[in-house]
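Colleague: I'd like a close look at one part of this model, and I'd rather have one connected walk-through than a list. Here is what I have open.

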Amino acid sequence: MTYQGKRNCSWLLAGAVALALTGCNNSNSSSSPSVDDTQASSVTIKRDNYGVPHVYADSTYGLYYGYGYALAQDRLFQMEMIKRSVLGTVSEVLGPDYLSLDRSSRTGFDPDSIKSQLQALPKEDLDIFKGYAEGFNKRIQEVEANPSELLPKQFSDFKFAPEEWTAFDVAMLYVGTMAGRYSNSSSSLSDLTTQCRSEIINTTGAITGLQ
């Protein structure tokens, strides 16, 4: 299955590796975000002296759950706005000045095609997108439970709250940014997942994958 839209797509998530590793949080810390028991996965995130997250998991789902969670810890507002920019919903929170941007974003992809490709993926491949989104959502739930301590200031400044993510949102993040803007070729989502795993393996010393 190949992404069908007005922009070509060669990969969606490989750039997520770099994004997930560039944030900085408390150093020498360790956390184990809870994971849905049905996924049969344990996840541990350890941060080194530079605040770089090292994710340990026993499944593909758990690994990307840890990615999403760590990224949400470091870049919650940034990722919210990137998501809105590719889905065409910026004007919902920043006002009518951004309507033209939203219209342009919505003409660059076919949502039904992306969703159908996601559903056609093998379970392990789909777990990449689902785990990433649900790990992100876990952090959002923690922020919602304690906004005075955890909510990034930008949300208060612009008077809106972060919204939960779906597997479709994760795919669209890279259809609308990295893949859509910088690729001159088409590729399937199944090819993308292979590239994601290769990127993890090649990220020396930054992320430990499936144990």
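Which residue forms a salt bridge with Arg139, and how many Å apart are the closest N and O atoms? Please take me through the helix around that pair and whatever it packs against.

Modeller: Happy to, with one reminder up front: this is a predicted model. The mean pLDDT of the protein is 77, and 65% of its residues reach 70 or more. Two stretches deserve caution: pLDDT stays under 50 over residues 1-24, and the same goes for residues 204-211.

Now your pair. The partner of Arg139 is Glu142, with the closest N and O atoms 3.0 Å apart. Both residues sit in helix H6, 3 residues apart, or about one turn of the helix. Their surroundings are worth a look too: Arg139 counts as buried because its relative accessibility is 13%, under the 20% cut-off. Glu142, at 23%, counts as partly exposed.

H6 runs over residues 123-145, and it holds another salt bridge, between the side chains of Asp127 and Lys123, at 2.8 Å from N to O. These two are 4 residues apart in the helix, again about one turn. Here Asp127 is buried at 7% relative accessibility, whereas Lys123 is exposed at 60%. As background, side chains of opposite charge can pair when their charged atoms come close.

So much for the charges; H6 also has a nonpolar side. Look at Phe136: leaving out residues up to four places away in sequence, it touches Gly68, Tyr69, Leu71, Ala72, Leu76, Met79 and Trp165. Phe136 and Trp165 are also among the residues that touch the most other members of the largest nonpolar core, along with Leu118, Phe129 and Met172. That core has 44 residues. The elements giving two or more residues to it are strands S2 (43-47) and S3 (53-57) and helices H2 (60-87), H5, H6 and H9 (167-182). H2 provides the largest share, with 15 residues.

The two strands in that list go together. S2 and S3 pair in the antiparallel sense over 5 bridges, and one of the pairings is Ile45 with Val55 in S3. They form a hairpin with 5 residues between them, and Gly51 in the turn has a positive phi of about 85 degrees. S3 is largely enclosed by the rest of the structure, because 4 of its 5 residues are buried.

If you then move along the chain past H6, you come to helix H8 (153-158). The side chains of Lys153 and Asp157 meet there in a salt bridge, 2.9 Å from N to O, and these residues are 4 apart in H8, about one turn. Unlike the Arg in your pair, which is buried, Lys153 is exposed at 58%; Asp157 is partly exposed at 43%. Elsewhere, salt bridges that share partners join Glu80, Lys83, Arg84, Glu92 and Glu163 into one network. The count for the model comes to 8 salt bridges.

One last stop is the loop between H8 and H9, where you find Lys159. Its phi is near 60 degrees, a positive value in a residue other than glycine. Most residues other than glycine have a negative phi. Lys159 counts as exposed, with 74% relative accessibility.

Methods: Residues numbered from 1 in each chain as written. Predicted model: local features only at pLDDT ≥ 70, side-chain atom pairs only at ≥ 80, totals over all residues. Heavy atoms only, no water. Core = buried A, V, L, I, M, F, W, Y, C linked by side-chain atoms within 4.5 Å. Buried < 20%, exposed > 50% of the residue type's maximum accessible area, 1.4 Å probe, protein only. Contact = heavy atoms within 4.5 Å. pLDDT = per-residue confidence, 0-100. Pairing = 2+ DSSP bridges. Salt bridge = Lys/Arg side-chain N within 4 Å of Asp/Glu carboxyl O.
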